[in-house]
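Here is a short, friendly tour of one protein structure. Please have your viewer ready, and let us walk through its open spaces, its charged contacts and its surface.

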Amino acid sequence: MNERKKIFWFAIISRIIVLNLQFIFNILFPDHNADAFKSPIDNSEQISSYDNIIIFLFNGLTRWDGQYFLHIAKYGYTYENTLAFYPLYPMLIRITSVFIRKIFFKLNVHSSVLIAAVLINIICFVKSAIIFYDLSKIILKTTNIAYIATILYCINPATIFFSAVYSESLFAYLTFSSMLRSIKLDPYVLIPIGLSILTRSNGIVNVGFPIYYQLKKLFYNYMIKDTNFSFKIFYQFILKIIILKNFCLIFNTIIISIIPFILLQIYNYVMFCIPNQTFIPEHIVNFSIINNLVLPGNNNEWCYFKVPLAYSYVQKKYWNIGFLNYYEIKQIPNFILAFPILYIMIKCIKEFFFEHKKYFYTLGFIKNIENNIKTEKKQYPIKMLVFIIHGLFLTIFCILFVHIQVSTRLISSASPLIYWYCALSIYNTFDDNNDNNIYNNKENTFSKWNIFLLLKKKYTLREKLIFSYFLGYTILGCFMFSNFLPWT
C-alpha cells in the first residue's frame, strides 16, 4: 500500500474515531448551559424518528459557532452577528442538504443540513490530508517526514473542529490547495484562493503565496549571466516581455481573488443597510426581539462608515475583538490553552531564522545564495521560507488581536508549520533515518491500521510531549466541545 493510499485510510479512520468520541462524550455527560448563541427552533417543523436518530448521533458536533453555520445554512443572514461567518461553508451545506432530502425524504430540514455539514467536512478533511502530503513532500523533500507530518495533521490539536460544524476542514483544503498550486505556478490558483476568502476572513492572506512565487520567478529570470553583447540585448528584450507577463499574472491573481470578497461586502450592505421586504420567518423575528438581535434593513451603525465593512464592526461589537482586548486576568486559562501551539510556532520560526539568516534577509529572491549556504546538514529546508513568513504573521495576529484560545484551530487549519516542525523533530530521532527504512517496514506498509509512528520501541521526551499534546487535545477537545464546555 503506497503512502498516499495509507494517508487516505488513516484520514477516514481518524474522522470515525472523532465522531465516535463526540457521540460517547455527548451521551455520557450533560451539556453545560453555555451563554452562547443557539439557533431558534422552528416548532412547526415535523420531527420523525429518523430525525431523532440523526440528532442523537451528531448533536455533539453542533456546539458554539456550529450553531451559527447551521442557522445561516437554514435561514441565511438573518441577524447582524451572523455576518462574522463567511458564506461558502453554509452555502455548500444548504445545497448538499437539498440533495440529501430528495434521497432521504423522511428527514426534516435540520437533520438534512446536519448530515450535509458532517459529510462535507469528512470529504474536505480527507482531500486536505492528501494535498497536505503532496505539499509537504515538495517542501521537505523526504517521504518519511511528509508522511509523519500528515499523520500529525490527522490527529491535530484542533481536530474536533475539523469534524464539527465548522469551516476548518474546508478552509484547510482550500489553503493547502492554494499553497500547492502557487508552488507549481498554476494560473488557476486564484480559484482556491478566492474560495478560501469566502470561507474565512484570513483567507485573504493566501493571496501572498502566488505573488511570492511569481516575484521569485521574476527575480530569477532577471539575473543575466555574462554573455556576448548582442545576445544580452536580445535577452533583455525577451526579459521585458516576461516581466510584463508576470506582472499581469500577479495583478490578475490579486484582482480576481478578491472579487468574491468585494461581492460579499456588497451583499452585506444591500442586505442590512438598504430597507427591503425580505421574508423572515416569524420564529426568527421573535427570537431577535427576545435576545435583542439586529435584523436586516435596520440602519445598522456600520452602514454609515466611510468604508462600510461589517466584519470588523461585528467582531468588535459581539466578541470584543481588537488590539490587546483579550489581555485580562480572567483569560489566563485561555492563554495557557493556546500556549503550546504558539510556543511551537515561535520556536520553529526562530530556529529557521538562525539557521538561514542570509536566505531570510533576501526573502529567497537571490538565486545563487542557495548554493552559497554552507554545506553542513540543516534541519529546516530553505523552501519553508514563505511558510515561515506566513506563520509569523498568523502568530503575531493571534497574540495581539484574536481570542487567544482560537489560535489553536486558526493556526492548525491555516499553517503547515506546526506539523512540519513536529515531524522534523520526530524524524531526527530515528536510529536510521534513511528514507527507505522507516516507512517501508513490512508490518506498516500493508496495513491500513498501523502507522510507523507507533513502530518505534522507545520515544524521546520531546516525542512524548508532542504525542501527548496532539492526542491529549484531540480527546479533551472531543469531550469539552461536545458538551458545550469552553474550548479552543
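On a 1 Å grid over the protein atoms alone, a pocket is an open set of points with protein on both sides within 12 Å along at least five of seven lines, a cavity is a set where a 1.4 Å probe fits but cannot get out, and lining residues have an atom within 4 Å of a point. This is a predicted model, in which local features need pLDDT of at least 70 and side-chain atom pairs count only at pLDDT 80 or more, while totals for chains, interfaces and linings use all residues. Residues are numbered from 1 along each chain as its sequence is written, and side-chain values use heavy atoms, with hydrogens and water left out.

**Open and closed spaces**

The second largest pocket has a lining of 18 residues, and Ser39, Ile41, Ile55, Lys74 and His110 are the ones nearest its centre. Its space comes to about 400 Å³, a volume being the space filled by probe spheres set on grid points that are joined across faces, edges and corners. Helix H3 (residues 65-75) gives the largest share of this lining, four residues; helices here are DSSP runs (H or I, at least four residues), numbered from the N terminus.

One cavity of 30 Å³ or more is present in the structure. The largest cavity encloses about 50 Å³, and its lining consists of Tyr77, Leu83, Phe85, Tyr86, Leu264, Gln265, Asn268, Ala310 and Tyr311. H10 contributes the largest share of that lining, three residues. The table sets out both linings by residue class, where Ala, Val, Leu, Ile, Met, Phe, Trp, Tyr, Cys and Pro count as nonpolar, Asp, Glu, Lys and Arg as charged, and the others, Gly among them, as polar.

| Space | Nonpolar | Polar | Charged |
|---|---|---|---|
| Second largest pocket | seven residues | six residues | five residues |
| Largest cavity | seven residues | two residues | no residues |

Ala310 also belongs to helix H12 (residues 310-319), where Ala310, Tyr313, Val314 and Gln315 are buried. Buried means under 20% relative accessible area, exposed over 50%, and partly exposed in between (1.4 Å probe, protein chains only). After H12 comes Asn320, with a positive phi near 55°.

**Salt bridges**

A salt bridge here is a side-chain nitrogen of Lys or Arg within 4 Å of a carboxyl oxygen of Asp or Glu, and the count by this rule is 10. Which residues are linked with Arg409 in a network of salt bridges? They are Asp65, Glu168 and Arg200. Arg409 meets Asp65 at 3.3 Å, N to O. Arg409 sits in helix H17 (residues 407-414) and Asp65 in helix H3, so this pair ties together parts 344 residues apart in sequence.

Arg409 also bridges to Glu168, with the closest N and O atoms 3.1 Å apart. That pair joins H17 to helix H7 (residues 168-183), across 241 residues. Arg409 counts as buried because its relative accessibility is 11%, and Glu168 is buried too, at 1%.

**A nonpolar surface patch**

Phe251, Ile255, Ile256, Ile259, Ile262, Leu263, Ile266, Tyr269, Val270 and Ile274 form a nonpolar patch on the surface, with about 860 Å² of accessible area together. Patch residues have over 30% relative accessible area and no salt bridge, with nonpolar side chains (Val, Leu, Ile, Met, Phe, Trp, Tyr) joined within 5 Å and like charges within 9 Å. Areas come from the Shrake-Rupley method with a 1.4 Å probe, and for residues only the protein chains shown count as cover. Tyr269 lies in helix H10 (residues 229-273) and counts as partly exposed because its relative accessibility is 33%.

Note on methods. Helix = DSSP H or I, 4+ residues; strand = E, 2+ residues; numbered from the N terminus.
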